[in-house]
Amino acid sequence: MLRWLTILICFAALAAEAVPATTAMPAVARTHADFDVVIAGGSTAAFAAAIAAAESGARTALIEPTDWVGGQLTSSGVPAVDEAWHSIKPVDPTGQPYSVSRVARMPENITPSFLQILKAIENPGNCWVSRFCFCPDRFVAEQLVPLERSVSDNLVVFLDTVIKEVELSPGGAAVNSLTCITRTPRPGVPDRGYDRLPSEDLADWYSPTDSNRFTKRVIRFAARPAATGGSQTIFIEATEWGEVLALSGLPYLQGVETKPDGLECDDTCGQATVYCFAQELHAEPVNEPDRETRAERLGYGSYASRPDAWEKIWTYRRIRGRSQPAAGDICLQNWGYSEKDGDGGNDYPFRYLFLSRKEAELQRTDWRGGIDLEALAAAEDRAYAWHQWFRRQAPEGIDPACLALSPSALGTGHGLAKLPYIRDTRRAIGLDGFVLRFADLTGPAGAKTGTVFPDRIALGAYPADVHPISGCQMPGYVIAAHDTLPFCIPFRGLTHRELGNLLVAGKTMAQSFLANSATRLHPIEWSTGTAAGVAAAHMAATGRTSRETLAAIAELQPLVRRKTPIDWTLPGDGKQPNP
């Protein structure tokens, strides 16, 4: 333990030497006031929103904190696409189960742009958790970058750019600007600056002053002046960490609600995070040296009694390979922790990733992501520890020395993903206090779908999936919840109660903690991002606020329907009837 504390102290000293103390913001290098839509991004929903807004004719800016767009598909290292897999048992025990999986996987119910890029790459890993498992580096290069280029006339992506400040209008009813920091690695810094872990480098990312690793530019995205006709600038909060929400100074949700219909949350009790990584099986020994780690309680978890546990985990999220483990295979590691069994993989359930709301508020004067750096460092440590433990368990016929990290698959030098995968985050409160509830996603099998909102604008299907923080007592209603019907997401879920020119998408939507546990998956993020992008372009062109757009929702829905379905197609039943 003493040695580990010494290492942390050394990291802190290095960071202090590398990153000058922030005393005042340098002058803004450039103000952009010519965008119709500005997306605070980093998530899968953010990229989908950018494509949809640009295709809808809006001049769009996407602010991306890493050098890879795509969020959990790419930079967070979760390239096995999660689709609904469950069925609902009928009340009548003699009846047939209702297959939510079948409905969710019908092409008519999937956003066409998302289905197209997935079918183009399919399942080169032959994994068993998904129909689609692939290497993130290949997916970025072959699918996302070409998609981005197809709308390059209307889309500008600002890579390696983080949000530092949010300015509201004088009356606090709109976002006035986002101030951001773009970093450029200095010559000689390896791996484009991804040689060091985020727990070591995050302070540098958010510092506006040059360091010995990066030069910086402070840029500002401002709302278009009101004098420019009827059009306006619309902002979208689609970050992974809910940063626009926290930096606005306005109320938001974080953690689990104590009651299913309330807004009171335990902001230190949420979902576990996980730092993903890729392992490659080589034909000859690599003899990758071990790192010193402190993580404990490593093991197969719920698979401990299985004689084939190692092989099942190896192929679970494999992103390259076809049959039995063989040289050339690459396995993406994202293995859960079992509280019941007292051990598990690289899932990190021992501390919440986010600062409390009070702590985040104090950080607003010098924002650094609102992240608990000790939790982040411990999640990184657990990832390395799991890698080393797992390779030592290799079955007979596989030399552990032939197993090594595959940094290129995740685009880093340190071997882990660019950022951790998070399951929950800061969440908005929508117009008139609207929050999407789990009750809107579920019901008896005979209902066929969840609540069919009159302002529905996106679709989703996945059961509640909670990986709780260890020692965090989840309310009984959370523990009891699981299955969902195919559900609808309303426009109100994409709105902010106070800010009329801000939409939210992905994990930051106006939704409860439990609803988020079912909406956080790749297809649903792409659907909500697409809807938000179309809505933002429409609002920018018409000059309408979110409330005015809600009042005229019948104008928006046909525009969204061109890009993503908003009504469920049910087997043998045709379209779900409108309410």
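Ala, Val, Leu, Ile, Met, Phe, Trp, Tyr, Cys and Pro count here as nonpolar, Asp, Glu, Lys and Arg as charged, and the others, Gly among them, as polar. The model is predicted.

Q: How many nonpolar residues are in the lining of the largest cavity?
A: Start with the space itself, which is about 190 Å³. Its lining has 17 residues, with Ala104, Asn109, Ile110, Ala461 and Pro523 nearest the centre of the cavity. Sort the lining by class: five residues are polar, two are charged, and the nonpolar ones number 10.

Q: Which element gives the most to the lining of the largest cavity?
A: Look for elements that give two or more residues to this lining. They are β21 (456-460) and α14. The top contributor gives three residues, and that element is α14.

Q: How are α4 and α14 oriented to each other?
A: Helix α4 covers residues 112-121, and helix α14 covers residues 522-542. Their axes come within 9 Å and cross at roughly 135°. An angle over 145 would count as roughly antiparallel, and 65 to 115 as roughly perpendicular. The crossing angle fits neither range, so α4 and α14 are oblique.

Q: How many charged residues are in the contact of α4 with α14?
A: On the α4 side stand Ser113, Phe114 and Ile117; on the α14 side stand His522, Pro523 and Trp526. Four of the contact residues are nonpolar and two are polar, which leaves the charged count at no residues.

Q: What is the volume of the second largest cavity?
A: A search of the whole structure finds three cavities of 30 Å³ or more. The second largest is lined by residues including Gly41, Pro65, Trp205, Glu240 and Leu419. By class, that lining has six nonpolar, three polar and two charged residues. The volume of this cavity is about 90 Å³.

Q: How many charged residues are in the lining of the largest pocket?
A: The largest pocket has a volume of about 1,000 Å³. It is lined by 43 residues, and Gly336, Asp347, Asp465, Val466 and His467 lie nearest its centre. β17 and α12 (476-480) each supply at least two of the lining residues. Of the lining, 24 residues are nonpolar, 10 are polar, and the charged ones number nine.

Q: Is Leu281 buried or exposed?
A: Leu281 sits in strand β14 (residues 277-281). Its contacts from farther along the sequence include Trp314, Pro325, Ile398 and Leu403. Buried means under 20% relative accessible area. Leu281 has 7%, so it counts as buried.

Q: How far apart in space are Leu281 and Asp483, C-alpha to C-alpha?
A: Count along the chain: Leu281 and Asp483 are 202 residues apart in sequence. In space, their C-alpha distance is 37 Å.

Q: Is Asn334 buried or exposed?
A: Asn334 lies in the loop between β16 (330-333) and β17 (337-338). Among the residues it touches are Val78, Tyr316, Arg317 and Tyr421. The relative accessible area of Asn334 is 6%, which makes the residue buried.

Q: How many residues of helix α8 are buried?
A: Helix α8 spans residues 309-316 and is mostly covered. Its buried residues pack against β14, β15 (318-320), β16, α10 (373-392) and β20 (403-405). Those buried residues are Ala309, Trp310, Ile313, Trp314, Thr315 and Tyr316. Out of eight residues in α8, the buried ones number six.

Notes. Residues are numbered from 1 along each chain as its sequence is written. This is a predicted model: local features need pLDDT of at least 70, side-chain atom pairs count only at pLDDT 80 or more; totals for chains, interfaces and linings use all residues. Side-chain values use heavy atoms; hydrogens and water are left out. Helices (H or I, at least four residues) and strands (E, at least two) are DSSP runs, numbered from the N terminus. Buried means under 20% relative accessible area, exposed over 50%, partly exposed in between (1.4 Å probe, protein chains only). Contact means heavy atoms within 4.5 Å. Axes are lines fitted to C-alpha atoms, for helices over the stretch in contact, and angles run from 0 to 180 degrees between N-to-C directions. Angles under 35 degrees count as roughly parallel, over 145 as roughly antiparallel, 65 to 115 as roughly perpendicular and the rest as oblique. On a 1 Å grid over the protein atoms alone, a cavity is a set of points where a 1.4 Å probe fits but cannot get out, and a pocket is an open set with protein on both sides within 12 Å along at least five of seven lines; lining residues have an atom within 4 Å of a point. Grid points are joined across faces, edges and corners, and a volume is the space filled by probe spheres set on the points. Lists of a residue's contacts leave out its neighbours within four places in sequence.
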